[in-house]
Amino acid sequence: MSSAGYEGTCNPKDIEAAADILTKAKHAIAFTGAGISTESGIPDFRGPQGLWRQYSPEIATIDYFLTHPKDFWLFYRMRMSALFIAKPNRAHMALAELERMGIIKAVITQNVDGLHQAAGSKNVIELHGTMKRAVCLACGRTYPMDVVIRKIDSGQVPPLCDECGGVLKPDTVLFGEPVKDFDRARELALMSDAVLVIGSSLSVYPAAYIPIFVKEMGGKVIIINMEPTELDYIADVIIRCKAGDAMTTLLNEIKSKMGNQ
Ligand code: NAD
């Protein structure tokens, strides 16, 4: 594994090693977490400015939602203020460009913010759902989140279904709920010979199995994170710097390698 503990600017040797893996790979995928979106102004959970430094993770459990729907929605409404104005940053844009170039075949994300699609990524699997929608727990009807926000802001907390009066829940996966599309994500990982992990603490399962599957099949693991992750020991390359800097430099390095071939 190349040098870890390189704070601040990205170590050029690590960028070069990652670019080498990605340009040689036949089927590379990306696996992203909340850390790719912090530079868009959305706090992560476990990073230095993470939400769990202010709130208990219990608030994001299905049990808490079912027993305290009003408190949950007031918390979620506050979170959505940052999520709704957020725009994709340099890391999302570079990743979308790598997909257009054919280097990255798919993005498997734990994020619920929709910023990969906003950046232009096409093949995106959202393991933890999306906060762009809410779903009625009683009848399954879905609502665009801006409609739900209007309900909350006009005093209906928790927001209710127009059809059946059931309680609405964000269409995200809360702790204690099964992830979405995991079989498809696992299949993709098992056929991949490289995974680019960006901004995940790699501590939430089953999502964190994705890089493990790639490694077990003999593929390479590249990790971009400002801090150590729980799976650094399986990484072939660790780029210890901000996702925006890392992805911009990596994209340029890949372009220059491809231009030189
Ligand atoms: P996490 O909070 O556990 O970890 C985030 C990681 O990103 C940390 O290791 C941190 O060091 C790193 N990081 C933060 N900013 C970075 C940056 N600019 N550059 C590089 N690395 C950076 O997040 P996770 O691993 O995705 O898992 C936790 C859960 O968080 C997931 O279930 C996800 O659904 C949820 N979540 C999503 C969003 C979102 O959609 N944007 C936001 C918060 C939490």
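A residue is counted as near the ligand if one of its heavy atoms lies within 4 Å of it, and in this predicted model 27 residues surround the ligand. The briefing below begins with that site, then turns to the salt bridges, of which a search of the whole structure finds 15, and ends with two buried residues, L22 and E126, and with helix α6.

**Ligand surroundings**

- Among the residues around the ligand, the closest are R46, Q110, D113, H128 and S201.
- Two backbone contacts involve oxygen of the ligand: a backbone N or O atom of A34 lies 2.8 Å from a ligand oxygen atom, and a polar backbone atom of V112 is likewise 2.8 Å from an oxygen atom of the ligand.
- A side chain also takes part, since an N or O atom in the side chain of E39 is 2.8 Å from a nitrogen atom of the ligand.

**Salt bridges around D20**

- Within helix α1, the side chains of D20 and K24 meet in a salt bridge with an N to O distance of 3.0 Å, and the two residues lie four residues apart, about one turn of the helix.
- An α-helix has 3.6 residues a turn, so residues three or four places apart point the same way.
- The two partners differ in accessibility, because D20 has a relative accessible area of 26% and is partly exposed, whereas K24, at 58%, is exposed.
- D20 also forms a salt bridge with K257, the closest N and O atoms being 3.6 Å apart; this pair links distant parts of the chain, with K257 in helix α9 (residues 243–259) and D20 in helix α1, 237 residues apart.
- K257 has a relative accessible area of 18% and therefore counts as buried, the cut-off for that term being under 20%.

**Salt bridge between α6 and α3, and the shared network**

- D153 and R77 form a salt bridge in which the closest N and O atoms are 2.8 Å apart, and the pair links distant parts of the chain, D153 being in helix α6 and R77 in helix α3, 76 residues apart.
- R77 counts as partly exposed, at 21% relative accessibility.
- Elsewhere, salt bridges that share partners join E16, D20, K24 and K257 into one network.

**Helix α6**

- Helix α6 spans residues 145–153, and its buried residues are M145, V148, I149, K151 and I152.
- Seen down the axis of α6, these buried residues fall within an arc of 160 degrees, so they line one face of the helix.
- The buried residues of α6 pack against α3 (69–85) and against the strands β4 (129–136), β5 (142–144) and β6 (168–172).
- Just after α6, G155 takes a positive phi of about 105 degrees.

**Two buried residues: L22 and E126**

- L22 is placed in helix α1 (residues 12–24) and counts as buried because its relative accessibility is 1%.
- Not counting residues up to four places away in sequence, L22 touches A28, I103, I104, A194, L196, I222, L250 and I254.
- The C-alpha atoms of L22 and A235 are separated by 14 Å, although the two residues are 213 residues apart along the chain.
- E126, found in strand β3 (residues 124–126), is buried yet has no salt bridge, and the nearest side chain of opposite charge, R133, is 5.9 Å away.
- Leaving aside neighbours within four places in sequence, E126 is in contact with T109, N111, G114, Q117 and K180.

Notes. Residues are numbered from 1 along each chain as its sequence is written. This is a predicted model: local features need pLDDT of at least 70, side-chain atom pairs count only at pLDDT 80 or more; totals for chains, interfaces and linings use all residues. Side-chain values use heavy atoms; hydrogens and water are left out. Buried means under 20% relative accessible area, exposed over 50%, partly exposed in between (1.4 Å probe, protein chains only). The arc is that of the directions from the helix axis to the C-beta atoms. Contact means heavy atoms within 4.5 Å. Lys and Arg count as positive and Asp and Glu as negative; His and the chain ends are not counted. A salt bridge is a side-chain nitrogen of Lys or Arg within 4 Å of a carboxyl oxygen of Asp or Glu. A polar contact is a pair of N or O atoms within 3.5 Å; within protein, one must be able to donate a hydrogen and the other to accept it, and residues adjacent in sequence count only if both atoms are side-chain atoms.
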